[in-house]
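Good morning, and thank you for coming. I would ask everyone to look at the structure on the screen while I speak.

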Amino acid sequence: MKSIEQRPVLVIGAGIMGAGIAQVAAQAGHDVMLHDAREGAAAAAKSRLATTLDGLAAKGKLTADAAGATLARIRPLASLDQAGDATLVVEAIVEDLEAKRALLRELEAIVGEDCILATNTSSISVTALANGLRRPQRLVGMHFFNPVPLMKLVEVVSGLHTDPAVAQAVFELGAQWGKTPVHARSTPGFIVNRIARPFYAETLALLAERAAEPAVLDACLRAAGFRMGPCELMDLIGHDTNFAVTQSVYDANFFDKRYLPSLVQRELVDGGLLGRKSGRGFYDHRDGPVRPSLPGFEPIAPPAAGRVVLHGRSAVGDRLADALAAVGREVQREPQSAWTGVEADALQLRLTDGRCATALGERVAVFDRLPNSPDTGAPLAFAVSQRAPQGTQAQAASWLRAAGFNPMPLRDVPGLLVARTIAMLINEASDAVHQGVCDAPGADAAMKLGVNYPAGPFEWLAQWDAAAVVQLLDALDAHYRGERYRASPALRLSAFGTM
Ligand code: NAI
């Protein structure tokens with residue numbers, strides 16, 4: 001096998017992605033040719049890379065020698081005709097099927113028979129791009145994430161024509177470049193852009209129902225371990241970009257309502273409220289970064305009650321048991337109960353199973369799931385039965401506060417926020433695996449490395465219970481009666497313990 005230095009790489013498109021790919025390939029030791037259709041763009045990208053590499057050397061992340069050598073390996077190329085010795089081409093040009101097809105056909109006439117052709121497309125079918133090539137089996141997707149030098153994930157995307165040996169070679173090369181490659185089958189959104197849809201969609205659906213304000217939803221999902229809440233993340237990505245990805249996944253799935261874009265986001269786009277880049281989105285960014293403040297957390301002692309029963313096991317129940325013990329109060333346990341949560345006299349405070357509090361009774365409140373061990377004062381969504389007598393919301397909030405949570409009232413929506421978001425991420429990942437898009441470890445790695453999730457969907461599933469996830473989805477499905485909450489056949493089967 002040829003050493004890396006003997007394997008020149010051609011990167012086409014010297015924009016955000018192409019420049020990053022060129023840097024990573026050159027840092028791994030390849031000679032890199034960088035070409036862009038716009039005159040001077042490749043040379044300009046090289047000089048920007050010089051600044052980047054100098055910065056890395058100044059911070060001690062790279063020796064000055066390594067930075068210099070990396071830069072020296074990158075050669076702007078005016079014409080593709082000079083690229084005949086490339087062993088790998090990675091194209092990162094404009095996201096347009098015809099432009100990419102034309103470029104790939106042109107390349108076939110220039111590069112050698114063994115040269116692998118890779119596309120960094122994030123939404124175009126690799127199978128469609130290969131159609132019409134003389135040797136379609138050498139085309140593979142090599143989907144990097146932005147910023148390329150920092151993001152570890154690369155999705156290695158195989159279309160119907162792709163030779164498995166080509167996919168494997170690119171997989172191994174990705175690993176040599178310091179990335180974590182994951183195999184994916186060419187299907188709409190590949191892995192990350194598909195499985196991530198519910199993260200945005202559930203919050204957008206709750207906003208459409210006026211269940212809570214963006215700041216509340218963001219805070220609750222951050223408490224579940226996400227680095228950013230969906231609203232602040234969509235503001236960062238740009239609503240135009242995020243909406244376009246959702247729209248393309250929806251279109252490509254023949255308008256399956258599971259992927260239905262949101263009118264809430266559509267209106268932001270139409271109004272030019274694109275997020276940080278336009279100064280306003282869900283939040284106002286004009287005076288710098290914003291994080292609207294929420295009511296602070298005040299610890300309190302457990303409220304007075306004649307009888308407190310803890311049903312099943314939950315973090316709220318466990319913490320209340322400690323709080324009650326600390327003040328010498330009695331608590332009964334019903335570990336085998338049909339529901340999970342706290343019963344304090346006539347009030348039931350139940351961990352959501354997907355049903356609304358209103359459907360469960362009069363003096364009922366439901367609270368959300370938090371998958372990690374949350375800090376004291378962590379925001380926790382809850383909702384109260386619409387049939388409850390006055391004062392029930394304040395009472396439920398007091399019990400949650402006594403358990404060390406910062407209670408965030410939502411309208412009485414099924415599955416609240418964190419529970420339904422994570423259930424839907426698990427559901428989408430289950431379907432992706434069921435349809436052979438990737439395997440379960442690949443889905444977990446992709447979501448953790450491609451979008452920084454605190455855990456992978458199958459890791460969440462392992463801490464939860466497939467039957468409970470299906471029950472929650474079925475409750476959502478019964479409530480909304482649409483296609484969105486259709487449980488994955490794989491998840492339904494695994495609820496019987498078969499996966
Ligand atoms: P960009 O607009 O920053 O860069 C594209 C570059 O390609 C431009 O410099 C343009 O002059 C050049 N170009 C256009 N047509 C060309 C042609 N026929 N031949 C040679 N050069 C040509 O775009 P960006 O963001 O770097 O995206 C490039 C590709 O990477 C797209 O396919 C995009 O979907 C994909 N991608 C983008 C990500 C992102 O976050 N920006 C993430 C992952 C993939």
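Where is arginine 291 found? The answer is the loop between helix H12, residues 263–270, and strand E9, residues 308–311. Before I go further, please keep in mind that this is a predicted model. Arginine 291 counts as exposed, because its relative accessibility is 51% and the cut-off for exposed is over 50%. Leaving out residues up to four places away in sequence, arginine 291 touches Arg222, Arg227 and Glu232. Another residue to locate is aspartate 218, which is 73 residues from arginine 291 along the chain. The C-alpha atoms of arginine 291 and aspartate 218 are separated by 9.6 Å.

Let us turn to the interior. The largest nonpolar core contains 119 residues. Within this core, Leu10, Val89, Leu107 and Leu117 have the most contacts. Which helix gives the most to this core? It is helix H16, residues 418–434, with 9 residues. We may take leucine 117 as our example from the core. With neighbours within four places in sequence set aside, its contacts include Val89, Leu104, Leu107 and Val111. Charged partners also appear in the list for leucine 117, among them Glu108 and Arg138. A second core, separate from the largest, has 32 residues, including Val32, Leu34, Ala42 and Leu173.

Our next subject is the ligand. There are 19 residues around the ligand, and those that come nearest are Met17, Asp36, Glu95, Lys100 and Asn120. By character, the shell divides into 8 nonpolar, 7 polar and 4 charged residues. Two elements, helix H1 (16–27) and strand E6 (139–144), each supply at least two residues of this shell.

Consider now some individual atoms. A polar side-chain atom of asparagine 120 lies 3.0 Å from an oxygen atom of the ligand. Arginine 38 also places a polar side-chain atom by a ligand oxygen, at 3.5 Å. For alanine 37, a backbone N or O atom lies 3.1 Å from a nitrogen atom of the ligand. How much of the ligand does the protein bury? Taken alone, the ligand exposes 830 Å², and 72% of that is buried by the protein.

Lysine 100, which is among the residues that come nearest to the ligand, deserves a separate look. This residue is found in helix H4, residues 97–108. Is lysine 100 buried or exposed? Lysine 100 is buried, because its relative accessible area is 1% and the cut-off for buried is under 20%. The side chain of lysine 100 reaches the backbone oxygen of isoleucine 93 at 3.1 Å. Apart from neighbours within four places in sequence, lysine 100 is in contact with several residues, including Glu91, Val94, Glu95 and Thr119.

I now come to backbone geometry. As background, most residues other than glycine have a negative phi, and most peptide bonds are trans. Against that background, please find asparagine 146 and proline 147, which are joined by a cis peptide bond with omega about 0 degrees. Proline 147 has its place in the loop between E6 and strand E7, residues 153–158.

Aspartate 345 is not a glycine, and its phi is positive, near 50 degrees. It lies in the loop between strand E11 (341–344) and strand E12 (347–351). Asparagine 452, likewise not a glycine, has a positive phi of about 60 degrees. The location of asparagine 452 is the loop between helix H17 (440–450) and helix H18 (457–463). Aspartate 345 counts as partly exposed because its relative accessibility is 41%. Asparagine 452 counts as partly exposed because its relative accessibility is 29%.

Finally, I would draw your attention to two glycines in loops. Glycine 456 lies in the loop between H17 and H18. With a relative accessible area of 0%, glycine 456 is buried. Not counting residues up to four places away in sequence, glycine 456 touches Asp444 and Lys448. Glycine 312 lies in the loop between E9 and helix H13, residues 315–326. This glycine 312 is buried as well, with a relative accessible area of 11%. How far apart in space are glycine 312 and proline 335? They are 4.2 Å apart, C-alpha to C-alpha, and 23 residues apart in sequence. Beyond residues up to four places away, glycine 312 touches Pro335 and others, including Arg333, Glu334 and Trp339.

Thank you for your attention.

Key
Residues are numbered from 1 along each chain as its sequence is written. This is a predicted model: local features need pLDDT of at least 70, side-chain atom pairs count only at pLDDT 80 or more; totals for chains, interfaces and linings use all residues. Side-chain values use heavy atoms; hydrogens and water are left out. A nonpolar core is a set of buried Ala, Val, Leu, Ile, Met, Phe, Trp, Tyr and Cys residues joined through side-chain atoms within 4.5 Å. Buried means under 20% relative accessible area, exposed over 50%, partly exposed in between (1.4 Å probe, protein chains only). Helices (H or I, at least four residues) and strands (E, at least two) are DSSP runs, numbered from the N terminus. Contact means heavy atoms within 4.5 Å. A residue is near a molecule or strand if one of its heavy atoms lies within 4 Å of it. A polar contact is a pair of N or O atoms within 3.5 Å; within protein, one must be able to donate a hydrogen and the other to accept it, and residues adjacent in sequence count only if both atoms are side-chain atoms. Accessible areas come from the Shrake-Rupley method with a 1.4 Å probe; for residues, only the protein chains shown count as cover. Ala, Val, Leu, Ile, Met, Phe, Trp, Tyr, Cys and Pro count as nonpolar, Asp, Glu, Lys and Arg as charged, and the others, Gly among them, as polar.
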